[in-house]
Amino acid sequence: MMTISSLQPSDWALAYAIETRSHAYPWSEQTFQSNQGERFLNLRAECDGQLAGFAICQVVLDEASLFNLAVDPAFQRRGIGRQLLSELTEQLLARQVTTLWLEVRESNSAAIQLYQSLDFNEVSRRRNYYPTPTGREDALLMALVL
Ligand SMILES: CC(C)(COP(=O)(O)OP(=O)(O)OC[C@H]1O[C@@H](n2cnc3c(N)ncnc32)[C@H](O)[C@@H]1OP(=O)(O)O)[C@@H](O)C(=O)NCCC(=O)NCCS
């Protein structure tokens with residue numbers, strides 16, 4: 001059984017462990033902690049009693065930015081990422097947010113497929129934005145009109 005609720009300070013250690021397991025280039029712990037607080041709408045997904053994933057989203061007036069989305073590799077491909085984004089968009093709509101923005105590596109086909117299936121559109125591209133083991137790669141800037 002899966003439940004979505006607000007990410008709490010008591011979740012940060014486990015959430016950060018998911019961050020390091022799921023991303024090839026994880027945030028530092030300091031960056032993770034600085035992306036919490038009243039400007040953020042951060043959600044947690046619990047599956048079978050365990051923290052399984054999270055979404056980190058900053059809200060500024062009527063715009064929001066998804067800064068991070070991660071599902072523990074042990075729980076991926078069970079609909080948790082989709083459920084986190086669906087709950088997030090509902091909560092943003094309730095706050096009268098009109099646009100949700102995000103950036104994603106152009107090689108991250110799993111995430112891009114998820115975002116496209118939820119009607120995000122590619123808006124622009126930041127050239128050579130992310131490091132890779134062999135150089136740099138572009139970021140796709142995507143937006144969802146709520
Ligand atoms: C991207 C991520 C959050 C998806 O989470 P998830 O819970 O596994 O995704 P879901 O099970 O909800 O999948 C929803 C859809 O996304 C797409 N998708 C997810 N994983 C995929 C994969 N490995 N390959 C291809 N498509 C994939 C599919 O369209 C899928 O729908 P389907 O299962 O009906 O085919 C997860 O893979 C992850 O944490 N990746 C590492 C961190 C990351 O890249 N975050 C995004 C940064 S912008």
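User: Before we start, what counts as a helix here, and which helix gives the largest share of the shell around the ligand?

Analyst: A helix is a DSSP run of H or I with at least four residues, numbered from the N terminus. The model is predicted. Five residues of the shell around the ligand come from one helix, the largest share. That helix is H4.

User: Which elements give two or more residues to the shell around the ligand?

Analyst: The space that the ligand takes is the largest pocket. Two strands and two helices meet the mark of two or more shell residues. They are strand S4 (63–71), helix H3 (80–94), strand S5 (99–105) and helix H4 (109–117).

User: How many residues surround the ligand?

Analyst: The closest include Leu-69, Arg-77 and Asn-108. Gly-79 and Gly-81 are also among the closest. The full count around the ligand is 20 residues.

User: How far is the backbone N or O atom of Gly-79 from an oxygen atom of the ligand?

Analyst: Ligand oxygen also pairs with polar backbone atoms elsewhere: 2.8 Å at Val-71 and 3.5 Å at Ile-80. For Gly-79, the distance is 2.7 Å.

User: What share of the ligand's own accessible area does the protein cover?

Analyst: On its own, the ligand has 920 Å² of accessible area. The protein covers 76%.

User: Is Cys-57 buried or exposed?

Analyst: Buried means under 20% relative accessible area. Cys-47 has 7%, so Cys-47 is buried. Cys-57 has 0%, so Cys-57 is buried.

User: How many disulfides are there?

Analyst: A disulfide is a covalent bond between the sulfur atoms of two cysteines. The cut-off for the sulfur pair is within 2.5 Å. By this rule, the count is zero.

How values were computed
Residues are numbered from 1 along each chain as its sequence is written. This is a predicted model: local features need pLDDT of at least 70, side-chain atom pairs count only at pLDDT 80 or more; totals for chains, interfaces and linings use all residues. Side-chain values use heavy atoms; hydrogens and water are left out. Buried means under 20% relative accessible area, exposed over 50%, partly exposed in between (1.4 Å probe, protein chains only). A residue is near a molecule or strand if one of its heavy atoms lies within 4 Å of it. A polar contact is a pair of N or O atoms within 3.5 Å; within protein, one must be able to donate a hydrogen and the other to accept it, and residues adjacent in sequence count only if both atoms are side-chain atoms. Accessible areas come from the Shrake-Rupley method with a 1.4 Å probe; for residues, only the protein chains shown count as cover. On a 1 Å grid over the protein atoms alone, a cavity is a set of points where a 1.4 Å probe fits but cannot get out, and a pocket is an open set with protein on both sides within 12 Å along at least five of seven lines; lining residues have an atom within 4 Å of a point. A molecule sits in a cavity or pocket if more than half of its atoms lie within 2 Å of its grid points.
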